Amino acid sequence: MWDWVGHDVVKSLGKVVSCAVAIGFGLTLLAVTFDGSTAQAGEREIKRGKVIWNNKSNCKNCHGWAGDGRAHPRSPPGPSLRISELDRESMREVIACGMPGTAMPHHDRHAYTDDRCYGLTKDDLEKEMMPKMGNKPIRPTEIEMVIDYIEARIKGRGKVTLEECEEYFNRVGAKGCAKLPKLADVTN
Ligand code: HEC
């Protein structure tokens with residue numbers, strides 16, 4: 001008989017435990033939901049980052065709209081950012097400061113007026129090493145957004161697909177996209 005009581009105790013203990021597990025799980029779900037909402041805030045930044053990428057600073061002229069390094073014929077080609085291994089911190093520096101001795105321009109309007117970029121000022125750099133100022137300066141908050149965009153839509157993505165192209169140009173059947181392979185046919 002005691003056995004049975006014992007069993008009941010064990011059973012109800014089991015319930016308590018599974019209840020705790022359920023609460024724990026619920027909390028995890030809640031955390032996921034909260035995460036989901038920050039991801040939504042992220043979408044806003046990504047969208048604004050795309051506008052900067054596309055319109056404001058002509059990143060796409062040199063890096064290609066898809067960041068794959070297919071530059072506009074009249075622009076100096078930039079490397080593919082799809083295979084970039086730079087972390088956020090280094091990207092921030094490259095976008096703000098450009099890369100001395102290369103065509104990558106700086107976008108911090110005060111770059112090289114003090115030592116904020118690689119500890120260098122204009123006086124430290126030979127003229128031909130000095131990065132050009134980008135098309136337009138980009139504010140630090142905007143640099144964060146363009147990085148959000150690169151991280152979300154460019155970096156680590158494999159081949160450029162028809163679907164990606166249509167999404168970028170916001171139009172199904174967009175003319176320049178037709179030659180690209182369909183996502184389903186691409187093995188990355
Ligand atoms: C005038 C052409 C040009 C423009 C405009 C340009 N880039 Fe670049 N970018 C380059 C070149 C060239 C390099 C490579 C320099 C080197 O390593 O020789 C580069 C390098 C980079 C890198 C480093 C990649 C790596 O993995 O090393 C990042 C990130 C980058 N560009 C982002 C941007 C962003 C974002 C914009 C727009 C705000 C932009 N670039 C505008 C030409 C350009």
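Me: Contact means heavy atoms within 4.5 Å. With that in hand, which residues does methionine 145 touch, leaving out residues up to four places away in sequence?

Reply: This is a predicted model, by the way. In it, methionine 145 touches Glu45, Arg48, Gly49 and Ile52. The C-alpha atoms of methionine 145 and glycine 49 are separated by 4.4 Å, although the two residues are 96 residues apart along the chain.

Me: Where is methionine 145, and is it called buried or exposed?

Reply: Methionine 145 lies in helix 4. Its relative accessible area is 8%, and buried means under 20%, so methionine 145 counts as buried.

Me: What about helix 3: which of its residues are buried, and what do they pack against?

Reply: The buried ones are Met91, Val94, Ile95, Ala96 and Cys97, and the buried residues of helix 3 pack against helix 4. Just past the end of helix 3 comes glycine 98, with a positive phi of about 65 degrees.

Me: What makes the phi of tyrosine 112 worth a remark?

Reply: Most residues other than glycine have a negative phi. Tyrosine 112 isn't a glycine, yet its phi is positive, at about 70 degrees. You'll find tyrosine 112 in the loop between helix 3 and helix 4. With a relative accessibility of 1%, set against the 20% limit, tyrosine 112 counts as buried.

Me: And asparagine 170: buried or exposed?

Reply: Exposed means over 50%, and asparagine 170 has 69% relative accessibility, so it counts as exposed. Asparagine 170 also has a positive phi, about 60 degrees, without being a glycine. Its place is in the segment after helix 5.

Me: Over to the ligand. How do you know that histidine 63 makes a polar contact with the ligand?

Reply: A polar contact is a pair of N or O atoms within 3.5 Å. A nitrogen atom of the ligand is 2.8 Å from an N or O atom in the side chain of histidine 63, so that pair qualifies. Serine 84 passes the test too: an N or O atom of its side chain is 2.7 Å from an oxygen atom of the ligand. Helix 2 and helix 3 are the elements that give two or more residues to the shell around the ligand.

Me: How many residues surround the ligand, and what kinds are they?

Reply: There are 23, and the closest are Cys59, Cys62, His63, Ser84 and Met104. The shell divides into 16 nonpolar residues, seven polar ones and no charged ones. The space taken by the ligand is the largest pocket.

Me: Why is serine 75 called buried?

Reply: Its relative accessible area is 16%, and the cut-off is under 20%, so serine 75 makes it into the buried class. Serine 75 lies in the loop between helix 2 and helix 3. Neighbours within four places in sequence aside, serine 75 is in contact with Asn61 and Cys62.

Me: What does the side chain of serine 80 reach?

Reply: It reaches the backbone nitrogen of arginine 82 at 3.1 Å. A polar atom of the serine 80 side chain also lies 3.5 Å from the backbone oxygen of glycine 67. Serine 80 is in the loop between helix 2 and helix 3, and beyond four places in sequence it touches Gly67, Asp68 and Gly69.

Notes: Residues are numbered from 1 along each chain as its sequence is written. This is a predicted model: local features need pLDDT of at least 70, side-chain atom pairs count only at pLDDT 80 or more; totals for chains, interfaces and linings use all residues. Side-chain values use heavy atoms; hydrogens and water are left out. A residue is near a molecule or strand if one of its heavy atoms lies within 4 Å of it. A polar contact is a pair of N or O atoms within 3.5 Å; within protein, one must be able to donate a hydrogen and the other to accept it, and residues adjacent in sequence count only if both atoms are side-chain atoms. On a 1 Å grid over the protein atoms alone, a cavity is a set of points where a 1.4 Å probe fits but cannot get out, and a pocket is an open set with protein on both sides within 12 Å along at least five of seven lines; lining residues have an atom within 4 Å of a point. A molecule sits in a cavity or pocket if more than half of its atoms lie within 2 Å of its grid points. Helices (H or I, at least four residues) and strands (E, at least two) are DSSP runs, numbered from the N terminus. Ala, Val, Leu, Ile, Met, Phe, Trp, Tyr, Cys and Pro count as nonpolar, Asp, Glu, Lys and Arg as charged, and the others, Gly among them, as polar. Buried means under 20% relative accessible area, exposed over 50%, partly exposed in between (1.4 Å probe, protein chains only).
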